[in-house]
Amino acid sequence: MLRIDALRAVYDRLEHRVVVTIMGAVAAELQSLGHRPNFFYLQHAMGLASSMGLGIALTKPDRQVVVFDGDGSVLMNLGGLTTLARYKPKNLVHVVFDNESLLSVGGFPTATSTGSDLAAIAAAAGVPRTGAVRTIAEFTKAFDEALSAGALTTLVAKVDAVGPAQFVTDLSLLENRFQFQRYLKST
Amino acid sequence: MSPVSVTSSRIVYDALKASGVRLVSALPETWLVHLIRMAEEDPEMILVRLAKEEEGVGISAGAHLAGVKSAMLMQNHGLLASINGIVSCAQLYRIPLLMLISYRGEFGERDPWQTEGGGVTEDLLRALRIPFSCLDNVSHVAPRIAKAQTLSLSANKPVALLLCRDLMWEER
């Protein structure tokens with residue numbers, strides 16, 4: 001499964017949801033499908049996208065939040081899974097694209113390539129709904145189930161370690177940040 | 001009874017409430033026990049207990065973008081553990097952070113393990129260009145917290161208040 005195909009498969013579901021992504025390939029690929037003011041791309045600070053998602057989910061309980069995370073970022077903030085699980089926001093869907101690689105910084109293999117199982121780690125941390133998928137059909141089904149489940153879900157999507165040719169886009173970080181804040185204020 | 005001052009903790013907590021803070025992230029540390037308990041017992045406050053302080057940067061960033069004022073409670077060693085998040089999330093994206101940092105390792109510290117971090121705290125804040133002030137007397141707690149938050153919000157930057165021994169600890 002290609003990550004961009006997975007993003008494309010659920011892109012229409014994101015129109016009215018609050019979306020936070022990690023840096024690099026995930027951010028560039030989602031932007032390539034079409035940026036929206038409700039998308040925020042955390043272009044650095046690896047590990048904190050899920051924490052940002054938690055901060056929004058706890059303070060905007062009436063909005064559904066989707067975080068697109070990655071294996072390298074989750075591994076930098078494994079404790080964050082225990083914090084997510086502790087508060088179990090019902091309005092947060094946490095997707096982890098697992099390409100078993102630090103693709104954006106040279107493709108070095110992460111620990112998920114040698115057997116570390118992020119869905120099992122999330123489940124053991126106490127996340128109420130977890131799963132791992134390997135095909136677009138499985139991903140789309142699991143994502144839709146997570147959106148309607150009303151319970152915190154960590155969904156690990158195993159994807160190929162390929163990404164876009166470049167990661168820098170013409171959307172500046174601060175433009176994205178203030179546009180996103182304005183969106184949250186207006187809705 | 002712990003010699004951590006309940007009276008000072010209450011003054012600090014009330015000042016946070018008065019400045020509109022509605023979410024507090026925290027990692028337990030001796031000097032912060034009363035503050036964390038006050039947040040826990042306050043139905044108007046969202047308390048987020050962390051595994052590591054750096055998570056609090058992301059949580060406060062999310063809360064800020066969602067329109068909610070927040071504060072981070074941590075020890076100075078938690079500040080050390082949060083530096084990349086402060087630089088690569090809060091400073092890069094111009095996110096205000098109100099950080100209340102227990103200043104362990106200054107004059108009077110008895111725990112040998114706290115002394116090294118105490119020695120670098122102020123230099124580290126200066127290196128990060130984070131405006132900071134010490135809270136060492138109850139008389140200036142409320143105005144300094146209010147002013148720190150005002151600057152944080154107008155500048156869209158992190159600010160720090162150091163909770164000092166003279167404020168937090170009742171020597172006996």
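A crossing of two helices is called left-handed if the near helix is turned anticlockwise from the far one by less than a right angle, and right-handed if clockwise. Keep that in mind for the first exercise, and remember throughout that this is a predicted model.

**Exercise 1. Describe how helix 1 of chain B packs against helix 7 of chain B.**

Solution.
- Step 1: Start with the general recipe. Two packed helices are described by the angle between their axes and the distance between the axes.
- Step 2: Apply it to this pair. Helix 1 (residues 6-18) and helix 7 (residues 141-155) of chain B have axes that come within 9 Å and cross at roughly 35 degrees.
- Step 3: Add the handedness. Helix 1 of chain B passes helix 7 of chain B in a right-handed crossing.
- Step 4: List the residues that meet. Helix 1 of chain B brings B:Ile11, B:Val12, B:Ala15, B:Leu16 and B:Ala18, while helix 7 of chain B brings B:Val141, B:Ala142, B:Ile145 and B:Ala146.
- Step 5: Sort them by class. The contact of helix 1 with helix 7 of chain B has nine nonpolar residues, no polar and no charged ones.

**Exercise 2. Follow the strand pairings of chain B, beginning at strand 1 of chain B.**

Solution.
- Step 1: Strand 1 (residues 23-26) of chain B runs parallel to strand 3 of chain B, and four bridges join them. Here B:Ala26 has B:Leu73 as its bridge partner.
- Step 2: Strand 3 of chain B is in turn joined by four bridges to strand 4 (residues 97-102) of chain B, again in parallel. In this pairing B:Met72 is matched with B:Met99.
- Step 3: Strand 4 of chain B pairs with strand 6 of chain B over six bridges in the parallel sense. The partner of B:Met99 in strand 6 of chain B is B:Ala160.
- Step 4: Strand 6 of chain B also pairs in parallel with strand 5 of chain B, over four bridges. There B:Ser133 stands opposite B:Leu161.

**Exercise 3. Decide whether strand 3 of chain B is enclosed or open, and explain why.**

Solution.
- Step 1: Recall the cut-off: a residue is buried if 20 or more other C-beta atoms lie within 10 Å of its own.
- Step 2: Check one side of strand 3 of chain B, where B:Ser70, B:Met72 and B:Met74 are all buried.
- Step 3: Check the other side, where B:Ala71, B:Leu73 and B:Gln75 are all buried too.
- Step 4: Conclude. Six of the six residues of strand 3 (residues 70-75) of chain B are buried, so this strand is largely enclosed by the rest of the structure.

**Exercise 4. Lay out the open sheet of six strands in chain A.**

Solution.
- Step 1: Write down the order, which is 2-1-3-4-8-7, with parallel pairing.
- Step 2: Find the edges. Strand 2 (39-41) and strand 7 (129-133) of chain A each pair on one side only.
- Step 3: Note the twist. Neighbouring strands of this sheet are turned by 15 degrees against each other on average, direction ignored.
- Step 4: Zoom in on one pair. Strand 1 (residues 18-21) and strand 3 (residues 65-70) of chain A are parallel and share four bridges, and A:Val20 stands opposite A:Val67.

**Exercise 5. Which residues have the most contacts inside the largest nonpolar core?**

Solution.
- Step 1: Begin with the background. In soluble globular proteins, nonpolar side chains tend to be buried together.
- Step 2: The largest nonpolar core here has 106 residues, and those with the most contacts inside it are A:Leu42, A:Ala157, B:Met99, B:Ile101 and B:Leu163.
- Step 3: By element, helix 3 (residues 49-59) of chain A gives the most to this core, with six residues.
- Step 4: Look around A:Ala157. Beyond its neighbours within four places in sequence, its contacts include A:Met1, A:Val95 and A:Phe139.

**Exercise 6. Compare the settings of A:Lys88 and B:Arg129.**

Solution.
- Step 1: Most residues other than glycine have a negative phi.
- Step 2: A:Lys88 has a positive phi of about 40 degrees, and phi of B:Arg129 is near 55 degrees.
- Step 3: Place them. A:Lys88 lies in the loop between helix 5 (78-87) and strand 4 (92-98) of chain A, and B:Arg129 in the loop between helix 6 and strand 5 (132-135) of chain B.
- Step 4: Count neighbours within 10 Å. A:Lys88 is partly exposed because it has 14 other C-beta atoms in that range. B:Arg129 counts as exposed because it has 9.

Notes
Residues are numbered from 1 along each chain as its sequence is written. Chains are lettered from A and ligands numbered from 1 in the order in which they are written. This is a predicted model: local features need pLDDT of at least 70, side-chain atom pairs count only at pLDDT 80 or more; totals for chains, interfaces and linings use all residues. A nonpolar core is a set of buried Ala, Val, Leu, Ile, Met, Phe, Trp, Tyr and Cys residues joined through C-beta atoms within 7 Å. A residue is buried if 20 or more other C-beta atoms lie within 10 Å of its own, exposed if 12 or fewer, and partly exposed in between; C-beta atoms are placed from the backbone. Helices (H or I, at least four residues) and strands (E, at least two) are DSSP runs, numbered from the N terminus. Two residues are in contact if their C-beta atoms, placed from the backbone, lie within 7 Å. Axes are lines fitted to C-alpha atoms, for helices over the stretch in contact, and angles run from 0 to 180 degrees between N-to-C directions. Ala, Val, Leu, Ile, Met, Phe, Trp, Tyr, Cys and Pro count as nonpolar, Asp, Glu, Lys and Arg as charged, and the others, Gly among them, as polar. Two strands pair if DSSP finds at least two bridges between them.
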